[in-house]
Amino acid sequence: MPASEETSLRALESLMTEFFHSCTTNDRKREIEELLNSFAGQPGSWRHCLYFLSNSRNEYVMMYSLTVFENLVNKMWVGVASEDKAELRSCLPKLLLSQHTLLPFFIRNKLCKVIVDIGRQDWPMFYHDFFSNTLQLVQSPSLAPLGLVLLKMTSEELVCPREDLSVARKEELKKLLLEQIPTVLNLLTGILETVWDKHSVTVTTPPPSPTSRETGESPFLGLESESGTLCLLALECLAHLFSWIPLSSSITPALLASIFHFARFGCQLPVKTKPLPTSNGNSSPGSLLANGSEGQGRTGQMIGHADRARLGVMAMSCINELMCKNCVPLDFEEFLLRMFQQTFYLLQRLTNSHSHTNTHSVKNRLQELDESYVEKFTDFLRLFVSVHLRRIESNTQFPLVEFLALLFKYTFNQPTHEGYLACLDIWSIFLDYLTTKIRSRLADRDSVLNRYKDALVLLLREVLNRIQFRLNQSQLEELDDETLDDDQQTEWQRYLRQSLEVVARVMELLPSQTFSILFPVLQEDLDIYLGLQQFIVTTRTNRRLNITAEADCRKLHCALRDLSSLLQAVGRLAEFFTGDVFTARFNDALAIVQRLVEVTCYGSQIIHKQNQLMSLAALQAYSHWLAQFCSEVQRQQDQTQFVDLITSSMAATTPLINAKVPEKLLVSACHLLVSMATTVRPVFLVSLPAIQNVFNLITENHNHRLPQEAHVLVCRALSNMLLLPWPSLPEAEQQWPSRSTSHARLVSTLTHQYRLLPQITPLSTLYIPDTPQTLCVLRDVVDSISGEATKSRQICYQSLQESVQVTLALFPLYIQQPDVTDEMLSFFLTLFQALRVQMGVAFTEQIIQTFLSMFTRDQLAVSILQEGSAGSKVVEKFLKILQVVVQEPGQTFKPMLPSILSLCMEQVYPIVAERSCPDVKAEMFELLFQILHQNWRFFFKTSVLSSVQRSGAEEHMENQAQFIAAMQAFGQSFLQPDIHIFKQNLRYLEILNSKHKLYHRKLFRSSMLFHFINVLLQVLLHKSHDLLQDDITLALYNMAAVDFQAFYSSFLPEFLNGCQGLDPHQRTTLARNFTPERDLPSFSQGVYRLVNDLRFYRLCNGSLPPGTLKL
């Protein structure tokens, strides 16, 4: 036998070497793979692998052998003979102990993993010394690193096992481990304390007090590599244990103190000495500490800065795992305080720049520290502020204001932009907390604010300084302002946005102080910008800026960049000047708006595109303030100030509405015009000469037409000026007759060419390009008044009536041109949503019948099958229109329901049922849902009164075939992979049950309920829609709740009998473990246990050898 095994080993080594050789072909690799798999599948192959593992130094062979063991333990363990299991439980640990110093660390770790997997299956019943052996290793001076590797793996694999365990076993393992936690934590505390005591004997004074400025760097330099390895492994164990154990008295002050001792390592600056080689012969930080047993190579070798930093990082990981826990027992708050005090000390060390022996600035100090350590510390601060600040703020022993001062220092000395933005996030969380606290305690608002006022003002000043190029040009120029991220913003835009969010939060708390700090800075840059006029040199051909000195050019560049940022800032603060504070802050807001109007006017003379854009955007942000100003002045005699503001801003804006202006600037000007017409609504706006010029531009046939987006916006603004009611004026003063006439004239001019199209025979394609643009304008005009009063909508429909009829006449002519049809249906969809009442029943019915006759089965198939095409979008729009129709209350459109249902179920559904078509399918199911939801009595005639009077009487049902077909369509969708359709349709069924008791209806209960439950359980078993696990479980509960008795006594046994791959005993166990509870949490737990254990039993049964007798 040994000679045979030796031959097999050599053959295996040859095969593995050949498999991984670069010259081996893929076909040959497949042959070798089949051979290896065949060998692994043979009974008793593990005995050969045990020999291979003991006698080969070939890494490929060892890895293959361990993979065979892993597969045996995780997939075939149930079928392994008990004496073979015992042999494996004995041999593998012995092999590990004898060879762990010789094995590569990844082979050693894989062997540890196999041993832990056996423990997961057999401890404590059959492998009673599994955990005690691990603890003995941890306590052995020479084998402690190996024991810690096993301990961490035990925590990882036993607490969060995969599906190869039943729920009962998972619960048992967690309970067993929790019982061992006090012992484990004591052992780990002992390791850390022993190392610390051994290597900190040079400390002659106690640690600095919270007010001390001593950094105390020197005592921590003498840690040997062996001790460093041991401590890192212990901290890694703790980090994983803390991720799942609850806060309890087992986490002692001594353990916490030890962790913080090692957290200080991250605060140490590197010593400028030649790095010592690690035990593997190199100086990489991972090599010393990656392999538990190899760190003992050179006794007395000292660890370098990178390894000390790694210890600090891991210690902070432990601390952060504790900080993540929001559920804190009352008796644990003292423990938290001690923890925060320790961290306060660390923060002092990180921001200390006054040591006599340390000439580093705080920023340089942070820059020289390990980047991961700084990130971990920032994570800690975020967790402290977001999770625990409310617990600790009122504790007199914690110096919160001093903590904020240190956080300020830490924030504004961050060496990287990412680090700085991460700290700004922490300040935003703190400001949100403070705002919420003040809102809930209005009585002592001032006392709370006064406590933090100085800190907030300092924060505001520094954040504003950090966005100004004149103060930080070199740092800000590093930010990318071209490449867009996933949020469609550049690095600079993200930096500026996050900074301005902090400014806005401070403004909410300290409005007057914020304004008094921000406005002078804005004024300073405005003065430079407005003073450029004197440097303009005009020639016959052009105008140019005559500034040539390099310093002046740099100063101007910075001022213009800063002005752009500050304009954005004042725009962001617009919301804090409206509402109840309008009068109190009126003068401040007026000063801002006046300067914005001044800048906008000036921009037409000094073309600086970015600042023009920002001034227009900022002015638009103050449109709500202007609207409130407008309402206020209606009650006053003197309106000069308001009229001058509007007149000046429009005089400056309207010249930009020109095809020759850069499009970005043009669109910005158009948006401001829309805001003036829609939000502010001054009575005199339409009569301003500047606005009349815009009317002329749009209505006269100019050769230079505006780009489409700008054209639509301008048309919306002009339409809204004529349609929207003026604020604070009675109906009699709204001048509706003249405004109606003007609006009709405007629409008539805009649609002149379009309305001529039906008269052209044959229809010329020459006019087609203009058709979508005209329809787009009309749709936008309708959409903008959809939520307005009846009078506005009446006038709008009167103006559009002829265009609507023309569009309906043109629809059949364009049915083969999906781009045009799409715009037509978009227009009709908006009409149905906004002007349904004004259109009247007869005309609405005529439109729907026209559409139904045009969308034949063949036409639908052609459109839908071109997925993502314009034709597919046409069908989506058509289905959306039908959704609006079926939602109309009353009996108006009820006669059309049969034909709409027929289109949905007989024409659209057969085409999309077995195809993906996600967009069309989503709209079709939305239509089906709305038909059921809004027209329930179309199927179920029983009134509430009759159902009360005739308890238990038969439900009177109509259109039963259509209802069954609709339910089958919903059920079929749950068998398909599209998770979005699945989620949507599950929600629809739940709404129908909530509103109409769908699951309780006799037809559904008798012939559909158990089918739906079966489908949803099968989905959970197949794990195809795991993201929706909670939604599916809730739906299952609501379905089962119709008749819990029937669910437990009838459905569950029937379901289990139909499940393949189970034996009768397993079916009985599954049914017994699903306890007949009727509350949602217990039922959800029962579903989870059923699904998990059913999959587990199938896995076990599938791994049994052929012919195994199942008991």
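Start with the empty spaces: across the whole structure, which is a predicted model, a search turns up 8 cavities of 30 Å³ or more. To find the largest cavity, select A677, R681, P682, V683, L685, V686, N720, M721, L724, W726 and R739, the residues that line it. The space inside comes to about 70 Å³. Color your selection by residue class and you should get 8 nonpolar, 1 polar and 2 charged residues.

Now zoom out and show the whole protein as a cartoon. You're looking at 49 helices and 2 strands. Of the 1111 residues, 52% are buried. Switch on the surface and there is about 50,100 Å² exposed, with carbon and sulfur atoms supplying 52% of that area. As for contacts, take those between residues at least 6 apart in sequence: 74% of them join residues at least 24 apart.

Next stop, helix 7. Select residues 130–139 and show the side chains. Which residues of helix 7 are buried? They are F130, F131, T134, L135, L137 and V138. These residues sit on the same side of helix 7, because they cover an arc of only 155° around its axis. The background is simple: an α-helix has 3.6 residues a turn, so residues three or four places apart point the same way. Rotate to the other side of helix 7 and you'll meet Q136 and Q139, both exposed. To see what the buried residues of helix 7 pack against, add helix 5 (82–99), helix 6 (105–122), helix 8 (144–159) and helix 9 (167–199) to the display.

While you're here, step back along the chain to the loop between helix 6 and helix 7, where P124 lies. Select W123 along with P124 and look at the backbone: the peptide bond joining them is cis, with omega about 0°.

Then jump to helix 21, residues 491–509, and pick V502. Is V502 buried or exposed? Its relative accessible area is 1%, so V502 counts as buried. Show its contacts, leaving aside neighbors within four places in sequence, and you get L424, S428, L431, L459 and V463. Try a distance label on one of these pairs: the C-alpha atoms of V502 and L431 are 8.0 Å apart, although 71 residues separate the two along the chain.

From there, select helix 18, residues 417–440, and find T435 in it. This threonine is buried too, because its relative accessible area of 8% falls under the 20% cut-off. Not counting residues up to four places away in sequence, T435 touches E508 and L509.

Finish with two backbone oddities in loops. Where does N959 lie? Look in the loop between helix 41 (944–949) and helix 42 (960–973). Phi of N959 is near 50°, a positive value in a residue other than glycine. N959 is partly exposed, at 25% relative accessible area.

For the last selection, go to the loop between helix 43 (979–996) and helix 44 (1002–1007) and click on K997. K997 is not a glycine either, yet its phi is positive, at about 55°. With a relative accessibility of 49%, K997 counts as partly exposed.

Note on methods: Residues numbered from 1 in each chain as written. Predicted model: local features only at pLDDT ≥ 70, side-chain atom pairs only at ≥ 80, totals over all residues. Heavy atoms only, no water. Helix = DSSP H or I, 4+ residues; strand = E, 2+ residues; numbered from the N terminus. Buried < 20%, exposed > 50% of the residue type's maximum accessible area, 1.4 Å probe, protein only. Contact = heavy atoms within 4.5 Å. Areas by Shrake-Rupley, 256 points an atom, 1.4 Å probe, with all protein chains shown as cover. Arc of directions from axis to C-beta. 1 Å grid on protein atoms, 1.4 Å probe; cavity = no way out; pocket = protein on both sides within 12 Å on 5 of 7 lines; lining within 4 Å. Points joined across faces, edges and corners; volume = space filled by probe spheres on them. Nonpolar A, V, L, I, M, F, W, Y, C, P; charged D, E, K, R; others polar.
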